[in-house]
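Biologist: Could you take me through the aromatic pairs in this one, slowly and with the cut-offs spelled out?

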Amino acid sequence: MTFSTRLLVAEDAAAYRALRLRALAEHPEAFTSSVEEEAERPLGWTIQRVGPNAGQPHDFVVGAFATARAGGDEQLVGYVGLAGRYRPKERHNATVVGMYVVSDMAGQGIGAALMRD
């Protein structure tokens, strides 16, 4: 199995939402959102979260995708979000706002790749 990372786009919203709900259910202590409140949000909210936002160009989510074989379907197996700072003296800063890798993919360097890429 191989994996790659890339910025998530609107077409990834459903997969991201499902994985985020899994992360919140498995590790409620690690996130500021609860699985209940996140489950109530419509898919449109998630689409806006992962899609480009001209007003906040330094806010984004990077996903890790696993592929079982060459030419096979990608499966989202991890993500990390970044929230930029927009005040003039803070523009060089950002905050990691959430990170998760599915447990059966642990130990394969996916988390490190998400933080690096």
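Modeller: Sure. There are two aromatic pairs in the structure, where Phe, Tyr and Trp rings (the six-membered one for Trp) pair if their centres lie within 6.5 Å, and planes under 30 degrees apart count as stacked, over 60 as edge-to-face and the rest as tilted. Tyrosine 16 and tyrosine 79 have ring centres 5.0 Å apart and planes at 80°, so that pair is edge-to-face. Tyrosine 16 sits in helix α1 and tyrosine 79 in strand β3, so the pair ties together parts that are 63 residues apart in sequence. Tyrosine 79 and tyrosine 100 make a tilted pair, at 6.4 Å centre to centre and 45° between the planes. Ring pairs thus link Tyr16, Tyr79 and Tyr100 into a cluster.

Mind the ground rules: this is a predicted model, with local features needing pLDDT of at least 70 and side-chain atom pairs counting only at pLDDT 80 or more, while totals for chains, interfaces and linings use all residues. Residues are numbered from 1 along each chain as its sequence is written, and side-chain values use heavy atoms, leaving out hydrogens and water.

Tyrosine 16 and tyrosine 79 are both buried (under 20% relative accessible area, with a 1.4 Å probe and protein chains only), and tyrosine 100 is buried too. Leaving aside neighbours within four places in sequence, tyrosine 100 has contacts (heavy atoms within 4.5 Å) with residues including Leu19, Phe31, Val77 and Leu114.

Terms used: Helix = DSSP H or I, 4+ residues; strand = E, 2+ residues; numbered from the N terminus. Buried < 20%, exposed > 50% of the residue type's maximum accessible area, 1.4 Å probe, protein only.
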